[in-house]
Amino acid sequence: MNRTQRERFRDRHLRQKYDLLHSLPTLQTPALAGLYLKSFYNATKRYDITLPSEITDADTKFCGNCGLVHIPMVNTDIEATSHDGQESLSFKCRHCNHKASFRSNSIESKLSSVAPTSLSGSPSSAPQNKITKSTAKGRAKKRKQNSLNNLLANKKKEQNNGSSASLSSLTLESFMKR
Amino acid sequence: MSSLKAIDKRVAKRRQVYKAVLSNPFVNEEQLWPHVKDQQLVQELLQKHVLNKLQHLREMNIPKQEWPFDSITDFNEVYSYLSQKDSNEEVLLFVCNKDPDVPSVMLQQIPLMSYISSIKVTLIQLPKGSLAMIQKFIDLPYGLLLLPTKHLDPIFLQQIHEQVLKQDLPWLAPLKYKSTDIKLVKSSAPLK
């Protein structure tokens, strides 16, 4: 196979798997969804294709538990709930009864704080509004920060910096030193 | 054997392109949001025919039951309205889908919702910055504005319908429509 043929084969292969995933609800065989979804992901991995996060994020397009494609009113119930001023959107898969909820800050409060003129929307405030998701990268970073080595290093740094002029700690020791 | 220079030239001639691997007419993800011909015009029409009126009604403190037409902005209400069965109603659903303040997880499901609903929904995407524009007139907590067409100006409706294409999602069609119950009658035909 030359290059174009290979690409065409890849496209057709991926498309076939993607279409199958979408035709499952019609075929009344939702039990196959997990298998097909896994096979689709494996295929994209084999061809080194990075999918957009709308597809790969668990529970957004496909159910995180059974892998069925979400179709509101047919196999998914969606409800917006607000809890302690935090708005969230919850999905419930009718096939496996898996529930997932996405938190998002209320839109109104953000808009009023940013001022509704179109240009003043600063980029720093925008990400807060997006639905918070924990990505694998983010979790890894957090894990790294919480490791013992890092904690020790931070403490040491604090001691070096703060032994002379730190007022932050109000323990007896810090007073005696001064 | 080609020289290194020739190889270099050939490499330089290729440019990087992005191809939509997964897009196809069956899933039709490119056209998830139906195309709007003139977005600015739609926005102006909405403001002139609906938003100004809503603002006046609110300023005059008229209770919501007495308003000449309905407007639904809450997500749960929109959802329950669209899940009604067997009604001949028609609605317009305006969505600010290009504003960063509207949660994307919700936006992803809106086209599917409006397509699968048994009510006739005209889904209209609004240009960027419309959320802030509409917020000046009314509260829009989810970036959704659903207007039942029963008491709306027919000229406004016609103008909107002219601007917006019909939604087409072939993979959902079998779920939306019931399959026809075709049966065969056993009979005989003469031999020729």
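Okay, let's start with the weak spot: residues 106-131 of chain A, where pLDDT stays under 50 and the model still has 42 contacts beyond four places in sequence. For the record, pLDDT is the predictor's own confidence in each residue, running from 0 to 100, and two residues are in contact if their C-beta atoms, placed from the backbone, lie within 7 Å. A second stretch with pLDDT under 50 is 164-168 of chain A, and there the model has two contacts beyond four places in sequence.

So yes, this is a predicted model: local features need pLDDT of at least 70, side-chain atom pairs count only at pLDDT 80 or more, and totals for chains, interfaces and linings use all residues. Residues are numbered from 1 along each chain as its sequence is written, while chains are lettered from A and ligands numbered from 1 in the order in which they are written.

Staying with confidence, chain A averages a pLDDT of 75, with 72% of the residues scoring at least 70. Where in chain A is confidence lowest, and where highest? The low end is α5(A), at a mean of 39, and the high end is helix α2, residues 33-46 of chain A, at 93.

Now the layout. Chain A has eight helices and three strands, and along the sequence they go α-α-α-β-β-β-α-α-α-α-α. Helices here are DSSP runs of H or I with at least four residues, strands are runs of E with at least two, and both are numbered from the N terminus. Of the 178 residues in chain A, 17% are buried. My cut-offs, with C-beta atoms placed from the backbone: buried is 20 or more other C-beta atoms within 10 Å of a residue's own, exposed is 12 or fewer, and partly exposed is in between. Take the contacts in chain A between residues at least 6 apart in sequence, and 39% of them join residues at least 24 apart.

Two backbone oddities in chain A. A:Q28 is not a glycine, yet its phi is positive, near 60°. You'll find A:Q28 in the loop between α1 and α2 of chain A, and A:Q28 is exposed, with 7 other C-beta atoms within 10 Å. The other one is A:D59, again not a glycine, with a positive phi of about 75°. A:D59 sits in the loop between α3 (53-56) and β1 of chain A. Is A:D59 buried or exposed? Buried, with 20 other C-beta atoms within 10 Å.

On to the interface. 35 residues of chain A are in contact with 34 residues of chain B. On the chain A side, α1 (3-27), β1 (76-83), β3 (99-104), α4 (107-114) and α5 (126-129) each supply at least two residues. α1(A) gives the most, nine residues. By class, that side of chain A has 17 nonpolar, nine polar and nine charged residues. Nonpolar means Ala, Val, Leu, Ile, Met, Phe, Trp, Tyr, Cys and Pro; charged means Asp, Glu, Lys and Arg; the others, Gly among them, are polar.

Last stop, chain B. Three strands make an open sheet there, in the order β2-β1-β3, with mixed pairing; strands pair if DSSP finds at least two bridges between them. The edges are β2 (120-125) and β3 (144-148) of chain B, each pairing on one side only. β1 (residues 90-95) of chain B runs antiparallel to β3(B), joined by five bridges. Within that pairing, B:F94 stands opposite B:L145, and B:V95 has B:L144 as its bridge partner. β3(B) is mostly covered, too: four of its five residues are buried.
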